[in-house]
Structures are given as structure tokens and as C-alpha cells.
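Subject: Structure for your review

Dear colleague,

Please find below the structure that I am handing over to you. My account of what was found in it follows directly after.

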Amino acid sequence: MMLIPTHHFRDIERKPEYLQPEKCIPPPHTSPVGTMWFIRDGCGIACAIVTWFLVLYAEFVVLFVMLIPSRDYVYSIINGIVFNLLAFLALASHCRAMLTDPGAVPKGNATKEFIESLQLKPGQVVYKCPKCCSIKPDRAHHCSVCKRCIRKMDHHCPWVNNCVGENNQKYFVLFTMYIALISLHALIMVGFHFLHCFEEDWTKCSSFSPPTTVILLILLCFEGLLFLIFTSVMFGTQVHSICTDETGIEQLKKEERRWAKKTKWMNMKAVFGHPFSLGWASPFATPDQGKADPYQYVV
Ligand SMILES: [Zn+2]
Ligand SMILES: [Zn+2]
């Protein structure tokens, strides 16, 4: 893909020699199309494993401490289906957020040939990333963990071991939403369980001993509360930044707005796809960003 310089220019890096194209050598081998995206970062991988472990812990307590020992089968089956469906969607969103290329700019494309092929007019500006030697499209930022420039980078999230950018923001938003929903659902079930079991004999309420049951439930409560607060704040922040079309980095840096302002609904469609459908809530539906791409590229 090539970048056609847009109508706005920046003040620095005007001089062609600043780009130092001779210092950029093309990458030794370009990864074939379809290669899985995965960041080899120890901290990120550990955080992603912890995330899965915490969801599986909640799954274990909900099923084996609360629902299976319960004698109210309708309550158990309905709550079991809802909780498992939400947990499955949360983990699927996590996988897609982690394994989707967030919008990486081709590495090492700031070669002399490439810059010449852009046919820049005098005064036109392109940005070169000195770290990954690529020509940065507007609104791209370099991530030091991914070691790549990412289009519309919002932030690097160790919990999904990936950057949140143009191509995977939908999955990240769904991940925070489903985690918030399972946390809320688990908390409601723990509340009902405590209410119900205080009236009854504890030994009839759980197949575990009363102290073990209480410890498992309190840990679930703690986990649920923590993640409900964390993910719902994150969800709200993400939806706000999508609606205002301003990434987390741009808000932090208080960057001047250089891109066209669009309606909130158009901004939502740019991330979740065209048109509005049930696919917005599905981590398996890849958003159709082609029609909504606000950047000027030619393929
Ligand atoms: Zn870079
Ligand atoms: Zn990153």
C-alpha cells in the first residue's frame, strides 16, 4: 500500500534529507500474507494467561459452587447458559483482539525508491519513523512493545498482549464489554447465593465445605468488583474516544485535530462496520472497514 500525502502538512521533517532514505534497508523478508499476528512479549503473554485464568476461575466457581449444587434447575440452567455464552464471547473477543494485526505500517518501507514513488510535491511532508524505518501515515504512532508503527494506535494493552489500533479496536471494545457483563452477572449470582444460603443449611447449599465455599465466593466477589469497575471504565473511555474520533494517544498529547469531523454514528460505523447489525456484538464478524476508511491510500 502507498500513502498519498493528504492536504495538510506538518512543520518539521520538511527536508527530504531528514528522511535519510539511504539508511533504510528493506526488511530481509516480508512476512507472507495471512501469517498470524502475535506479539512475543513476556509481560503481555503472562497478562493474557492471567486474564484467561481469571475467567476460568469465575467459570469454575459459578458452575461448581453455585449452579450445579443448586436444586432450582430452571435458575441453574438459565444462568448457566447466559454466563457461559458471555464468557465464551469474552474469550473469543480476547483472542481476536490479541491475534489481529492492529494496523501495522509495513516495516522498513522508508526506502529511497518508496519515497520517490510517492512523487511528493514541493512542500509536502511525509513522516518517517526513525525506530522502524517506515513512512508513517497520518495518526499512526510507534509502539515500543510491538516495535511497529500502528495506524490510529490507541494504547498498548498488556491484557490482550497487543496494541489497540484501527483494525482491532472493535474486538477490544467487545472484550471490555463482555468482561464487564460476566462480572456483573457473577456478582448478582453471588448476592442471590448468599441470601439464599443464609436462610438454609450451608451444607445443603454447596458441595464444598462452608469455609471453602465462603472463601471461593469472596474471591469471586473481589475479582468481579475489580473487573466490573476496570472494564466498564475502559468500555466507556473507548466508546467516548470512538464517538469523538480521537485516540487515547491523541487525547493525551492534546494533538491538534487535522482530520475531518464526522458524526458519532459515522465514527461508530467506521470501527464496528457497515451497516448496523447484530455483527457489531460478535467477535467473529470482521468489520467492513473498507467503505469507512477515512485515509487516502491507493493499493
Ligand atoms: Zn515506528
Ligand atoms: Zn503495541
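I begin with F88, which counts as partly exposed because its relative accessibility is 49%. Please keep in mind throughout that this is a predicted model.

Aromatic pairs

F88 forms an aromatic pair with F284, and the pair is stacked, with 6.0 Å from centre to centre and 25° between the planes. This pair links distant parts of the chain, since F88 belongs to helix α2 (residues 73-99) and F284 to the loop between α8 (264-272) and β8 (297-298), 196 residues apart. A second stacked pair is made by F272 and W280, with 5.3 Å between the centres and 25° between the planes. Are F272 and W280 buried or exposed? Both residues are buried. F272 and W280 also belong to a cluster, in which ring pairs link them with W265 and F276. In the whole structure, a search finds 8 aromatic pairs.

One further ring deserves mention. R139 lies over the face of W259, at 3.7 Å from the ring centre.

Helix α8 and residue K170

The buried residues of α8 are N267, M268, K269, A270, V271 and F272. They pack against α4 and α6 (210-243). Directly after α8 comes G273, with a positive phi near 105°.

K170 is located in helix α4 (residues 169-199). Why does K170 count as buried? The reason is its relative accessibility of 1%, as the cut-off for buried is under 20%. Which residues does K170 touch, apart from its neighbours within four places in sequence? K170 is in contact with V271, F272, G279, W280, S282, A285 and P287. V271 is 101 residues away from K170 in sequence, yet the two are 6.0 Å apart in space, C-alpha to C-alpha. For S282, the side chain of K170 reaches the backbone oxygen at 2.9 Å.

The zinc sites

I now turn to the metal ions. Which protein atoms are the donors of the zinc ion (ligand 1)? They are SG of C129, SG of C132, ND1 of H142 and SG of C149, at 2.0 to 2.3 Å from the ion. The angles among these 4 donor atoms run from 102 to 123°, and the site is tetrahedral. Along the chain, the donors of ligand 1 follow the spacing C-x2-C-x9-H-x6-C. Among these donors, C132 and H142 link distant parts of the chain: C132 sits in the loop between β2 (127-129) and β3 (134-136), while H142 sits in strand β4 (residues 140-143), 10 residues apart. C132 and H142 are both buried.

The zinc ion (ligand 2) is coordinated at 2.1 to 2.3 Å by SG of C143, SG of C146, ND1 of H156 and SG of C163. This site is tetrahedral, with angles of 102 to 116° among its 4 donor atoms. The donor residues of ligand 2 have the spacing C-x2-C-x9-H-x6-C in sequence. C146 lies in the loop between β4 and β5 (148-151) and H156 in strand β6 (residues 155-157), so this pair ties together parts that are 10 residues apart in sequence. Both C146 and H156 are buried.

When you open the structure, you may wish to start with the stacked pair of F88 and F284, then go on to K170 in helix α4, and finish with the donors of ligand 1 and of ligand 2.

Yours sincerely,
A colleague

Methods:
Residues are numbered from 1 along each chain as its sequence is written. Chains are lettered from A and ligands numbered from 1 in the order in which they are written. This is a predicted model: local features need pLDDT of at least 70, side-chain atom pairs count only at pLDDT 80 or more; totals for chains, interfaces and linings use all residues. Side-chain values use heavy atoms; hydrogens and water are left out. Donors are N, O and S atoms within 2.8 Å of the metal (3.2 Å for Na, K and Ca); water is not among the atoms, so sites may look incomplete. Four donors count as tetrahedral if all angles lie between 85 and 135 degrees; four count as square planar and six as octahedral if opposite donors are over 155 degrees apart and all others between 65 and 115; anything else is irregular. Helices (H or I, at least four residues) and strands (E, at least two) are DSSP runs, numbered from the N terminus. Buried means under 20% relative accessible area, exposed over 50%, partly exposed in between (1.4 Å probe, protein chains only). Contact means heavy atoms within 4.5 Å. A polar contact is a pair of N or O atoms within 3.5 Å; within protein, one must be able to donate a hydrogen and the other to accept it, and residues adjacent in sequence count only if both atoms are side-chain atoms. Rings of Phe, Tyr and Trp (its six-membered ring) pair if their centres lie within 6.5 Å; planes under 30 degrees apart count as stacked, over 60 as edge-to-face and the rest as tilted. A charge sits over a ring if NZ of Lys or CZ of Arg is within 6 Å of the ring centre and within 35 degrees of the ring normal.
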